[in-house]
Amino acid sequence: EALVISGNCSHRFYYDSWSWFIKTYGNMVTTENITECTYMFGFCVSIQNIPFEINCNGAIEMNSMFNACYNLVSIPKINNATVKNMRELFSRCYCLRNIPQDIADWFDWSNVGYQQQMFLNCFSLRSIPMSFLSHGNHRTTYPHSYFYNGFSGCSSLDELTELPIPYTAIWTGNAFTGCFDNCYRLKNITFAMPNGQ
């Protein structure tokens with residue numbers, strides 16, 4: 001029974017408190033009906049891989065789910081999640097190099113909310129699928145868009161081309177605060193222009 005993770009997993013493995021469990025039994029763990037993922041693996045600084053899928057049940061908060069997983073090199077598959085907030089989802093995952101190309105297909109985006117600082121200080125990240133960024137809530141205010149400190153500190157990103165703009169709300173402030181700070185290798189930034197607009 002201890003190898004089946006379910007229910008509210010907010011702060012479940014927080015601050016390496018159960019990293020020994022993941023390292024020892026992770027390949028035997030299954031998950032089901034997870035209803036909350038806020039800080040689920042937050043500050044698990046010693047974990048490199050999470051060898052089990054995250055099986056959710058409906059509308060899920062994912063704020064800081066992998067925040068400060070300094071040594072994480074890959075992310076687990078997430079299933080059946082109607083994603084709500086994704087603020088700082090991968091923030092400070094220093095060793096994460098790639099985001100899966102099909103990650104946008106993992107989620108039901110009908111209830112998506114906050115997305116700021118999702119990749120803040122992901123020093124090793126080389127690329128991000130644009131499809132993952134195309135599902136923002138069109139009513140989102142500027143400090144909650146994926147632009148807000150979105151790629152700050154992503155010092156290994158190669159390029160950001162065809163950045164989608166899924167928002168239609170009138171913004172009263174600068175959504176690009178910190179957006180491209182310290183992106184030292186970024187050779188190209190372009191925005192998608194549907195219908196040439």
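Two strands are taken to pair if DSSP finds at least two bridges between them. Helices (H or I, at least four residues) and strands (E, at least two) are DSSP runs, numbered from the N terminus. The structure is a predicted model, in which local features need pLDDT of at least 70 and side-chain atom pairs count only at pLDDT 80 or more, while totals for chains, interfaces and linings use all residues. Residues are numbered from 1 along each chain as its sequence is written, and side-chain values use heavy atoms, with hydrogens and water left out.

Strand β1 (residues 4–8) pairs with strand β2 (residues 30–36) in the parallel sense, over five bridges. Together with helix α1 (residues 19–25), β1 and β2 make a right-handed β-α-β unit; right-handed signifies that, with the strands pointing away from the viewer, the path from the first strand over the helix to the second runs clockwise. Within this unit, S6 lies in strand β1, and the bridge partner of S6 in β2 is E32. Neighbours within four places in sequence being set aside, S6 is in contact with R12, E32, N33 and I34, where contact means heavy atoms within 4.5 Å. S6 has a relative accessible area of 35% and is therefore partly exposed; buried means under 20% relative accessible area, exposed over 50%, and partly exposed in between (1.4 Å probe, protein chains only).

A contrasting environment is found for S152, located in the loop between α2 (130–133) and β6 (160–163). S152 counts as buried because its relative accessibility is 9%. The contacts of S152, again without neighbours within four places in sequence, are F119, L120, N121, G178, C179 and D181.

Side chains of opposite charge can pair when their charged atoms come close. The structure holds three salt bridges, each defined as a side-chain nitrogen of Lys or Arg within 4 Å of a carboxyl oxygen of Asp or Glu. In one of them, E61 is joined to K84, with the closest N and O atoms 3.8 Å apart. E61 counts as buried at 17% relative accessibility, whereas K84, at 26%, counts as partly exposed.

D158 forms a salt bridge with R126 (3.0 Å, N to O) and another with R185 (2.5 Å, N to O). D158 lies in the loop between α2 and β6 and R185 in the loop between β6 and β7 (189–191), so this pair ties together parts that are 27 residues apart in sequence. R126, D158 and R185 are thus linked in a network of salt bridges.
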